[in-house]
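Here's a quick briefing for anyone meeting this structure for the first time. Have a look at it, then read on for the main points.

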Amino acid sequence: MASAPAVAPQTSGTSGFAPQAVGASQGAPTQFTPAFQRFVDAGPSMPAPGAVQYPQVAPQAVHTWALPTTTKKLPVFEAVVVGAGLALMLVGMYSYLAASGPFIGLFLAIVCLVPLCIIILFLQFVDRFEPEPWWTKIAAFLWGGGVAIFFAGLSNALGGAFVAGATGDASIGEASAAVVFAPIGEELLKALAVVVIVFARRNQISSPLDGLVYAGFSAAGFLVVEDFEYFLKALADGVFAHIFFIRVFMGVFGHVMYTTCTGWAIGWAVTRARSAAAGIGAVFFGYFIAVSLHGLWNSMGYIAGSTEGYYILYAVLQVPIFVCWLIFVGLAIRRERRDTAAGLIPYVHQGWVLASEVQMVCDPAMRRNALTWISGGGPAAKRSLKNFMYALASLGLDQVVMNVRGPEPGRIQSTRETLQQATEERRRFLGFMGMG
């Protein structure tokens, strides 16, 4: 990289620049476009580049800075959760697999892939700017499909049996299990995946969206196992098509929508809350929303009284709720991009990062433009550019976390390593494009 970009020293924002494709013949631009400047100015104000969490001013010959060898660490936490999740998933599904037989079991497994693929593709889209590690997402998925659903089944049964015994009416016990105990227990158990990840992988959580993504994967695991059970019972009752339509076309995002409310709140509490009271309050509020939405969905069958009434309630209640949730997720993505840009501004001032690179990471249009351009260098060049953008996104978000919660030694060290990775990836993809 060349010398430090000519950007006035300030705590947030830079001057505008004319948009250029990365690698254009004019050289790397050093200023933001006016529209992106306004986007950045709306973000949080960051400390001056001399703050303890930032490195020193970049050297002139930063493009020759070699990445030191690091020792790879085994994902012990993820391996433990994956193993426990798989074991409990098999225990929970054994009776259903035994009852269905191999052919029906295979058919239902394939059918369950339909809603699962929809959910995973959506979560990957949400997680595309600063993706979380796959091993940790798999651990969250198997927590939901193993740990959460196993203990949720027990709590639902115990709660329903308690109410049935207290009232002497089995139907009341069944309704209370579905409308009260299931939302309370299931949403708690699914969201615990995010809590466990926060304790085990604290430095990986850098934004509320990270909590949302992990919660979504936990809910996806829960969903696929629950779908298998519902579809098997529906086949036996001769209502498979009806149940498939409700669970896949009407309620495929249900579990994900509920649990991500709590997951986002947990992510906000550990990355953006300025006090423990605010964080705890946000988590309880998110959990309350999750339980309420889940309970509302489960109660619709009891409230509607008929199939026609059910569909009317769905249109009146569930469709607006789903639209609001999609808007919320979209705003969360936008806020993460804005925070990333704000966190990278001091790196621009110090000469580690160019203004155009910040915009390439945080502006979807320039990101697509950059990926189109790098395709000419082959798969290795494209992979290197993506790694570079991911590293910058992580740097920016980590700085926003430390700006709110104070410098954290572990996170500071992580940013040093990520900055080295970004420097090396830049050198690599520019070399592939003949610009090194």
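A residue counts as buried when its relative accessible area is under 20%, as exposed when that value is over 50%, and as partly exposed in between. By that yardstick Arg427, with a relative accessible area of 37%, is partly exposed. Keep in mind that you're looking at a predicted model.

**The overall picture**
- The chain has 13 helices and zero strands, so if you read along the sequence you get the pattern α-α-α-α-α-α-α-α-α-α-α-α-α.
- Out of 436 residues in the chain, 51% count as buried.
- Take the contacts with a separation of 6 or more: 80% of them come from residues 24 or more positions apart.
- About 19,300 Å² of the chain is exposed, and carbon and sulfur atoms supply 69% of that area.

**A salt bridge between distant parts of the chain**
- There are 13 salt bridges in the structure, and one of them pairs Lys137 with Asp127, with the closest N and O atoms 3.0 Å apart.
- This pair links distant parts of the chain, ten residues apart: Lys137 belongs to helix H3 (residues 134-167), while Asp127 sits in the loop between helix H2 (76-126) and H3.
- Are these two partners buried or exposed? Lys137 counts as buried because its relative accessibility is 1%, and Asp127 is buried too, with a relative accessible area of 4%.

**A salt bridge within helix H4**
- Lys190 and Glu187 bring their side chains together in a salt bridge, at 2.8 Å from N to O.
- Both residues are part of helix H4 (residues 170-200), where three residues, or about one turn of the helix, separate Lys190 from Glu187.
- Lys190 and Glu187 are both buried.

**A salt bridge within helix H13**
- Arg427 and Glu424 form another salt bridge, and their closest N and O atoms are 2.3 Å apart.
- Why is about one helical turn between them? Because Arg427 and Glu424 are three residues apart in helix H13 (residues 409-432).
- The two partners differ in how they're covered: Arg427 is partly exposed at 37%, whereas Glu424, at a relative accessible area of 8%, is buried.

**A network of salt bridges**
- Arg202, Asp398, Glu408 and Arg411 are joined into one network by salt bridges that share partners.

Terms used: Residues are numbered from 1 along each chain as its sequence is written. This is a predicted model: local features need pLDDT of at least 70, side-chain atom pairs count only at pLDDT 80 or more; totals for chains, interfaces and linings use all residues. Side-chain values use heavy atoms; hydrogens and water are left out. A salt bridge is a side-chain nitrogen of Lys or Arg within 4 Å of a carboxyl oxygen of Asp or Glu. Helices (H or I, at least four residues) and strands (E, at least two) are DSSP runs, numbered from the N terminus. Buried means under 20% relative accessible area, exposed over 50%, partly exposed in between (1.4 Å probe, protein chains only). Contact means heavy atoms within 4.5 Å. Accessible areas come from the Shrake-Rupley method with a 1.4 Å probe; for residues, only the protein chains shown count as cover.
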